[in-house]
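This note is addressed to a colleague who is meeting the structure for the first time. Please read the numbered points alongside the sequence and the model.

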Amino acid sequence: MTTPHAIYSQIIPENERASREDLVTQANYYFTALARHDSKGYYPFTEGCVRFENGITATSDCLAQFTGTSLNNIVDRIRDRRFVAVDRERGIVFSFAFFDHYRINWTWQLAELFRIEKGKIRRIEAVFHQAPFGITSGWSTYEQSISEEIQSIR
């Protein structure tokens with residue numbers, strides 16, 4: 001992963017481009033699906049959706065992973081979901097979030113890049129590191145930092 005994957009350069013035909021709001025909503029479905037995971041939710045992934053975590057393939061089939069049980073109860077809360085950049089022409093959404101794990105007092109601070117096509121997530125690349133449990137971001141109010149609500153930044 002020395003250069004961006006070619007898919008991030010591909011232009012989506014103008015008549016197939018989603019609105020900024022729709023792209024943010026689709027990316028947020030990933031966070032909600034992971035936070036509420038019960039193998040029965042709404043999982044908007046294309047066939048063969050790939051997810052990378054810190055440069056390593058986490059899954060080559062997001063849909064199969066989410067409809068299975070391996071992710072059940074993996075994270076307790078996904079909060080301070082901040083969508084900071086959207087490229088409608090390429091179907092890209094960039095976001096930050098925090099994943100809290102209550103049982104082990106652990107928080108991951110994440111940056112996630114999504115490629116979305118026709119209302120479904122095709123590729124996810126995540127970079128994350130451990131942060132002090134429950135840490136706030138510094139860019140949100142306390143109420144926003146503990147919320148699961150979308151913060152769409154323009």
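**Notes on the predicted model**

1. Thr69 counts as exposed, because its relative accessibility is 59% and exposed residues are those over 50%. The model is a predicted one. Thr69 is placed in the loop between helix H2, residues 62-67, and strand E3, residues 77-87. From Thr69 to Thr32 the sequence runs 37 residues, and the C-alpha atoms of the two are separated by 16 Å.

2. Thr32 itself belongs to helix H1. With a relative accessible area of 28%, Thr32 is partly exposed. A second distance can be given for this residue: Thr32 and Tyr43 lie 11 residues apart in sequence, and their C-alpha atoms are 9.3 Å apart in space.

3. Helix H1 deserves a point of its own. It covers residues 20-35, which is 16 residues. From first to last C-alpha, H1 reaches 23 Å, close to the 22 Å expected at 1.5 Å a residue. Which residues of H1 are buried? They are Arg20, Leu23, Val24, Gln26, Ala27, Asn28, Tyr30, Phe31, Ala33, Leu34 and Ala35.

4. Gln26 is one of the buried residues in H1. Its relative accessible area is 14%, and it counts as buried because the cut-off for that class is under 20%. Apart from neighbours within four places in sequence, Gln26 is in contact with Tyr42, Pro44, Ile116, Gly119 and Ile121.

5. Strand E1 spans residues 45-53 and contains Cys49. Is Cys49 buried or exposed? Cys49 counts as buried, at 0% relative accessibility. Setting aside neighbours within four places in sequence, its contacts are Thr59, Ser60, Asp61, Cys62, Ile121, Arg122, Arg123 and Ile124. For one of these, Asp61, a C-alpha distance is available: Asp61 is 12 residues from Cys49 along the chain, with 5.2 Å between the C-alpha atoms. Ile121 appears among the contacts of Cys49 and also among those of Gln26.

6. Leu113 is part of strand E5, which covers residues 106-117. It is partly exposed at 21% relative accessibility; it does not count as buried, because buried means under 20%. Not counting residues up to four places away in sequence, Leu113 touches Tyr8, Ile92, Val93, Phe94, Arg123, Ile124 and Glu125. Arg123 and Ile124 are in this list and are also contacts of Cys49. Leu113 and Asp22 are 91 residues apart along the chain, and 15 Å separates their C-alpha atoms.

7. Two loop residues should be checked for their backbone angles. Most residues other than glycine have a negative phi. Asn54, although not a glycine, has a positive phi of about 50 degrees. Asn54 sits in the loop between E1 and strand E2, residues 56-59, and is partly exposed with a relative accessible area of 40%.

8. The other residue is Lys118, also not a glycine, whose phi is positive and near 50 degrees. Lys118 is found in the loop between strand E5 and strand E6, the latter being residues 120-131. At 69% relative accessibility, Lys118 counts as exposed.

9. The chain as a whole may now be considered. How many helices and strands does the protein chain have? There are 3 helices and 7 strands, and along the sequence they follow the pattern α-β-β-α-β-β-β-β-α-β. The radius of gyration is 15 Å, close to the 15 Å that the globule rule gives for 154 residues, so the chain is as compact as a globular protein of that length. Along the principal axes, the C-alpha atoms fill a box of roughly 45 × 35 × 35 Å.

10. Burial, contacts and surface complete the description. Of the 154 residues, 42% count as buried. Among contacts with a separation of 6 or more, 62% are between residues 24 or more positions apart. The exposed area of the chain is about 8,200 Å², of which carbon and sulfur atoms supply 51%. There are 18 positive and 19 negative charges, and their mean positions are 1 Å apart.

Key:
Residues are numbered from 1 along each chain as its sequence is written. This is a predicted model: local features need pLDDT of at least 70, side-chain atom pairs count only at pLDDT 80 or more; totals for chains, interfaces and linings use all residues. Side-chain values use heavy atoms; hydrogens and water are left out. Helices (H or I, at least four residues) and strands (E, at least two) are DSSP runs, numbered from the N terminus. The radius of gyration is taken over C-alpha atoms; the globule rule is 2.2 Å times the number of residues to the power 0.38. Buried means under 20% relative accessible area, exposed over 50%, partly exposed in between (1.4 Å probe, protein chains only). Contact means heavy atoms within 4.5 Å. Accessible areas come from the Shrake-Rupley method with a 1.4 Å probe; for residues, only the protein chains shown count as cover. Lys and Arg count as positive and Asp and Glu as negative; His and the chain ends are not counted. The place of a charge is taken as NZ of Lys, CZ of Arg, CG of Asp or CD of Glu. The expected span of a helix is 1.5 Å times one less than its number of residues.
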